[in-house]
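I pulled up this model to see how the ligand sits, then went on to a pair of helices. My notes are below.

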Amino acid sequence: MKLIFLGPPGAGKGTQAKRIEQVHNLVQLSTGDMLRAAIASGSEVGKQAKKVMDGGNLVSDEIVVGIVSERLKDKDLANGFILDGFPRTVGQAKALDKILADSGDALDAVIQINVDDEFLVERITGRYTCANCGKGYHDTFERPKEEGVCDRCGSTAFTRRADDNPETVRERLNAYHAETAPLLPYYAEKGILKTIDGMVEIEQVTGQIDEVLNGIK
Ligand code: AP5
Ligand code: MG
């Protein structure tokens, strides 16, 4: 299956992609994670991306499409993938259509995780991640079973993203409404847009996505 998870910052794209990829044997492809890896590597692309991401704006289509098109050639994607955070502009969506069409492929579904703006700042500013295994947590909504200890790997080191502050979140939301929301009619016209309610508990959101995926198998 070839899927896109679409939604504003903090909607739960990453949280859900990590849960769904295990059950459905898919690979999560997060452009945010790829760009953060480029920043950590100290590459030229990473340096350019850092300035843009710290301001809450979108990295250029050219850079992001370049990264994704290379990644889509990898053999580990044979059973399918979940694009998390890509495409984010109509230009990126058109580039993706072309990449897939050139190899005789097409998207199975675009899953919109719908969350009202007022929930998002709290979700993002409360988010943190295990520095060792990458498991995500939230100060209120997803705490480790033992305070300060990762459930999955036992590490006691955690990190927070540089762009997870209220000012940058507001810029990221503006970018979402201006640049990414136009993808909703784009995919609705193609008949592959599925909208689910992202304002319920994490488990229930996964249940709705499972229902959509079971319907298209
Ligand atoms: P990216 O890393 O993609 O960030 P984003 O889209 O802003 O989305 P987030 O990762 O913040 O949110 P999410 O939906 O994954 O939420 P999560 O599951 O973590 O992009 C970062 C930057 O990179 C962009 O600003 C841009 O500069 C650049 N970039 C990336 N892709 C690009 C592209 N294609 N083109 C151009 N630039 C690009 O959940 C958030 C928190 O809420 C977590 O703590 C979680 O535990 C909690 N939570 C999740 N679901 C629920 C629930 N149902 N109830 C309660 N809490 C919940
Ligand atoms: Mg994410």
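**Around ligand 1**

I started with the neighbours: ligand 1 has 35 residues around it, and T15, N57, R88, R127 and R172 come nearest. Note to self: this is a predicted model.

Next I looked up backbone polar contacts. I found a backbone N or O atom of G10 at 2.8 Å from an oxygen atom of ligand 1. For V59, a polar backbone atom lies 3.1 Å from a nitrogen atom of the ligand. V200 also puts a backbone N or O atom 2.8 Å from a ligand nitrogen atom.

Then I checked how much of the ligand is covered. On its own, ligand 1 exposes 1000 Å², and the protein buries 95% of that.

Which elements give two or more residues to the shell around ligand 1? I got helix 1 (13-24), helix 2 (31-41), strand 6 (136-138) and helix 9 (202-216). Helix 2 provides the largest share, four residues.

I sorted the shell by class too: 14 residues are nonpolar, eleven polar and ten charged.

**Helix 2 against helix 4**

Since helix 2 had come up, I looked at how it packs with helix 4 (residues 61-71): their axes come within 11 Å and cross at roughly 100°. Angles of 65 to 115 degrees count as roughly perpendicular, so that is what I wrote down for helix 2 and helix 4.

I listed the contact residues as well. Helix 2 brings T31, M34 and L35, while helix 4 brings I63, V64, I67, V68 and R71. By class, this contact has six nonpolar residues, one polar and one charged.

Definitions and conventions
Residues are numbered from 1 along each chain as its sequence is written. Chains are lettered from A and ligands numbered from 1 in the order in which they are written. This is a predicted model: local features need pLDDT of at least 70, side-chain atom pairs count only at pLDDT 80 or more; totals for chains, interfaces and linings use all residues. Side-chain values use heavy atoms; hydrogens and water are left out. A residue is near a molecule or strand if one of its heavy atoms lies within 4 Å of it. A polar contact is a pair of N or O atoms within 3.5 Å; within protein, one must be able to donate a hydrogen and the other to accept it, and residues adjacent in sequence count only if both atoms are side-chain atoms. Accessible areas come from the Shrake-Rupley method with a 1.4 Å probe; for residues, only the protein chains shown count as cover. Ala, Val, Leu, Ile, Met, Phe, Trp, Tyr, Cys and Pro count as nonpolar, Asp, Glu, Lys and Arg as charged, and the others, Gly among them, as polar. Axes are lines fitted to C-alpha atoms, for helices over the stretch in contact, and angles run from 0 to 180 degrees between N-to-C directions. Angles under 35 degrees count as roughly parallel, over 145 as roughly antiparallel, 65 to 115 as roughly perpendicular and the rest as oblique. Contact means heavy atoms within 4.5 Å.
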